[in-house]
Amino acid sequence: MSATRPRPRRLINGVIEDVDASVLKLGPEFDVKQMSHDGEEMPLIALNLSEVRLLMMAAMRQRRREMNGQGGGYDDMEQDDMDEEELLSSNQIVRKTQEYLSIFARFRDEDTVSAVEHILKTPENADLHPFEIAQLGSLSCEDAEEAKTLIPSLANKKSDQELQALLDSLRRYG
């Protein structure tokens with residue numbers, strides 16, 4: 001299978017649909033507007049690896065507190081002195097996911113992740129799809145050419161100069 005050819009994807013109802021990230025044809029999970037469980041329309045949220053890492057760490061801290069009978073809320077999480085190793089679950093999938101995120105998440109602390117999200121969601125970047133935003137926050141692209149190679153849908157949205165300025169801003173945090 002060629003690298004430029006879209007990969008087929010089997011959907012739940014058995015229909016095969018082509019997936020092609022270069023034109024943001026990513027499947028129903030990545031539609032910009034999703035339907036919630038109660039039938040309300042809601043925007044797509046795509047997380048970068050650093051955001052996923054923070055959410056998993058927070059969930060593990062909360063689970064640990066509940067198991068220890070401490071209760072506690074979200075505000076107490078920053079005061080916990082648990083290290084990542086201590087928070088790893090015995091569940092092999094969770095442990096492997098956390099190991100992956102510990103290696104590949106670009107940004108480590110909540111303030112940095114928030115600053116990066118702010119940069120990526122400025123009005124100048126309003127034309128970016130949530131998938132593109134998540135990819136830019138996850139990948140450590142050196143230059144505009146590399147970013148457009150890894151995220152082909154950016155080619156028609158940002159000039160090389162605009163994209164390079166965005167990458168340079170992100171690099172200051174990582």
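**Close-up views of a predicted model**

**Figure 1. Contacts of Thr112 in the predicted model.** Leaving aside residues up to four places away in sequence, Thr112 touches Phe107 and Tyr173. Thr112 is part of helix 4, which covers residues 110–120. Is Thr112 buried or exposed? Thr112 counts as buried, because its relative accessibility is 13% and the cut-off for buried is under 20%.

**Figure 2. A nonpolar patch on the surface.** Ile45, Leu47 and Leu55 make this patch, which has an area of about 310 Å². Ile45 lies in the loop between strand 4 (41–43) and helix 1 (49–67). Ile45 is classed as exposed because its relative accessible area is 66%, and exposed means over 50%.

**Figure 3. Order of the elements in the protein chain.** The chain holds 7 helices and 4 strands. Read from the N terminus, the order is β-β-β-β-α-α-α-α-α-α-α. Strand 4 (41–43) and helix 1 (49–67) are joined by the loop that contains Ile45.

**Figure 4. Burial, surface and contacts of the protein chain.** Of the 174 residues in the chain, 34% are buried. The accessible surface is about 11300 Å², and carbon and sulfur atoms account for 51% of that surface. Among contacts with a separation of 6 or more, 50% are between residues 24 or more positions apart. Thr112, shown in the view of helix 4, is one of the buried residues, whereas Ile45, from the nonpolar patch, is exposed.

Definitions and conventions
Residues are numbered from 1 along each chain as its sequence is written. This is a predicted model: local features need pLDDT of at least 70, side-chain atom pairs count only at pLDDT 80 or more; totals for chains, interfaces and linings use all residues. Side-chain values use heavy atoms; hydrogens and water are left out. Patches are made of residues with over 30% relative accessible area and no salt bridge: like charges are joined within 9 Å, nonpolar side chains (Val, Leu, Ile, Met, Phe, Trp, Tyr) within 5 Å. Accessible areas come from the Shrake-Rupley method with a 1.4 Å probe; for residues, only the protein chains shown count as cover. A salt bridge is a side-chain nitrogen of Lys or Arg within 4 Å of a carboxyl oxygen of Asp or Glu. Helices (H or I, at least four residues) and strands (E, at least two) are DSSP runs, numbered from the N terminus. Buried means under 20% relative accessible area, exposed over 50%, partly exposed in between (1.4 Å probe, protein chains only). Contact means heavy atoms within 4.5 Å.
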